[in-house]
Amino acid sequence: MSMDSSFRFLPIPTEIQFGCGILSSLPERIRGLGCKKALVVTDPGMRAAGAVARVEALLSAAGIGFAVYDSVTPDSGSNLIMEAAGLLKHTGADVVVGLGGGSALDTSKAVAAMATNPGAILDYTGLDKLICKPLPVVAIPTASGTGSEVTFWSVFIDDRTNLKVAAGGVLLFPAIALCDPELTLTLPPSATAATGMDALGHAVECYTNTACQPISAALALKAIELIGQHLRTAVLNGKDPESRYGMMLASTMAGIAMNSTRLGLAHALAMPLGSYTIRIPHGLAIAITLPVVMKFNHASRFERYAEVARALGEHVHRLPLRDAAACSFAAVKKLSADIGIPARLSDVGLREEHIDDVAAEAIKSGNVAVNPRRTTVEDLRAILRDAL
Ligand SMILES: [Fe+2]
């Protein structure tokens, strides 16, 4: 980027409260928003793990009324969102508390939007379609990956077509992100690995794409560094508080960075890979396709990919630039292998006959337009075959 380059960075309106034990400030945050009754949107796993009971106890002790919708499923669905929105209207809640991974948080944002906007959530897919300001959302992530607590995206399945779709726009930012790394101490290794690789995908695709500017770049590069330092330990020794803190910081920073830039081919592909009957979990789709996408892209921006390799801890300073850049996708593959990510898309259910449909859908993504290398549908098919 030269001195005369102009750029756009979108600041986030979300107030970030970050720290071990910060969950206990939830009642104070709700009061600070001027709200009196919460709808907690979460999933059955959070209920089983005791996190919902903790939130219920905090709200009860503070005398804040609440109702709980705890039926969120992976990637939710447009019908589920409308069901939860129906419960919200019935209870008269004036704030939505999202508690869980990306699916719970994305659902909470969509539910808050449907409290104030007419029609159905499917009327609002795409960018900036909402008309009215949603109810405030307090987003409490229990995994370090999607960054949903600081992004303006809500991703869900369109139950009419079985396609993964997204609603986005500045009105969808949560009011408050309550980032408590302690909540991730009990996240199982496989979920820690997949969500952590999603955060890496955000940081790498943001840092290397054509829309990246110096402010997003700084956040994304720091996120890559943190993930290189902490993801292995977070997976292999989940009770280590320092690595959990580092990973939550990384996913938050990457989330802030990517609102302004969009992402790249791994995220373009992950939407259809999570659709139809294929339904590969988002983090795994990102983890497996990311090194293949980086290999496809790296010659278009050697400097950036060399920096990614350096940030991941590779000793590249004496290498020619192109060799240093090539270390970036090798480093991602090593990281994936160390944390038990399956090596191939066929390991997680993709079959040769899916490739044409996935590529045809992925090429329509806005993430393709900012990818550092110009991409055709044939290129996407080749990337999928390479990762199969
Ligand atoms: Fe992602």
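Which residues does N367 touch, not counting residues up to four places away in sequence? Keep that question in mind while loading the model, which is a predicted one.

**Stop 1: N367**

Select N367 and show what surrounds this residue. Leaving out residues up to four places away in sequence, N367 touches R262, L263, G264, H267 and A268. N367 sits in helix α14, which covers residues 366–369. Its relative accessibility is 9%, so N367 counts as buried. One of the residues it touches, H267, leads to the next stop, since H267 is also a protein donor of the iron ion.

**Stop 2: the iron ion**

Select the iron ion together with D198, H202, H267 and H282. These residues are its protein donors: D198 binds through OD, and H202, H267 and H282 each through NE2. The donors lie 2.1 to 2.2 Å from the ion. Measure the angles in the viewer if you like; among the four donor atoms they run from 87 to 169°, and the site is irregular. Along the sequence, the spacing of the donor residues is D-x3-H-x64-H-x14-H. D198 is in helix α6 (residues 189–208) and H282 is in helix α10 (residues 282–297), so this pair ties together parts that lie 84 residues apart in sequence. Is D198 buried or exposed? With a relative accessible area of 3%, D198 is buried.

**Stop 3: the two domains**

Colour residues 15–184 as domain 1 and residues 189–387 as domain 2. Taken over C-alpha atoms, the centres of the two domains are 26 Å apart. Domain 1 puts 26 residues into the contact and domain 2 puts in 25 residues. Between them the domains bury about 2200 Å², with 62% of that area on carbon and sulfur atoms. Now select F18, S144 and K164: they supply 27% of the area that domain 1 buries against domain 2, more than any other three residues. How many salt bridges are there between domain 1 and domain 2? The count is zero.

**Stop 4: salt bridges**

Side chains of opposite charge can pair when their charged atoms come close. Across the whole structure, a search finds 14 salt bridges. The following examples can be selected one after another.

- D338 and R232: their side chains meet in a salt bridge at 2.7 Å, N to O. The pair links distant parts of the chain, with D338 in helix α12 (residues 321–338) and R232 in helix α7 (residues 214–236), 106 residues apart. D338 is partly exposed at a relative accessible area of 41%, and R232 is partly exposed at 27%.
- E307 and R310: this salt bridge is 3.2 Å, N to O. The two residues are three apart in helix α11 (residues 302–311), so about one helical turn separates them. E307 is partly exposed at 27% relative accessibility, and R310 is partly exposed at 36%.
- E352 and R385: the closest N and O atoms of this salt bridge are 3.1 Å apart. E352 is in the loop between α12 and α13 (355–362), R385 is in helix α15 (residues 377–387), and the pair links distant parts of the chain, 33 residues apart. Both count as partly exposed, E352 at 43% relative accessibility and R385 at 41%.

**Last stop: a network**

Finish by selecting R47, E56 and D70, which are linked in a network of salt bridges.

Methods. Residues are numbered from 1 along each chain as its sequence is written. This is a predicted model: local features need pLDDT of at least 70, side-chain atom pairs count only at pLDDT 80 or more; totals for chains, interfaces and linings use all residues. Side-chain values use heavy atoms; hydrogens and water are left out. Donors are N, O and S atoms within 2.8 Å of the metal (3.2 Å for Na, K and Ca); water is not among the atoms, so sites may look incomplete. Four donors count as tetrahedral if all angles lie between 85 and 135 degrees; four count as square planar and six as octahedral if opposite donors are over 155 degrees apart and all others between 65 and 115; anything else is irregular. Helices (H or I, at least four residues) and strands (E, at least two) are DSSP runs, numbered from the N terminus. Buried means under 20% relative accessible area, exposed over 50%, partly exposed in between (1.4 Å probe, protein chains only). Domain bounds come from an automatic or database domain assignment. Contact means heavy atoms within 4.5 Å. Buried area is the accessible area (1.4 Å probe) that two parts lose on being put together, summed over both. A salt bridge is a side-chain nitrogen of Lys or Arg within 4 Å of a carboxyl oxygen of Asp or Glu.
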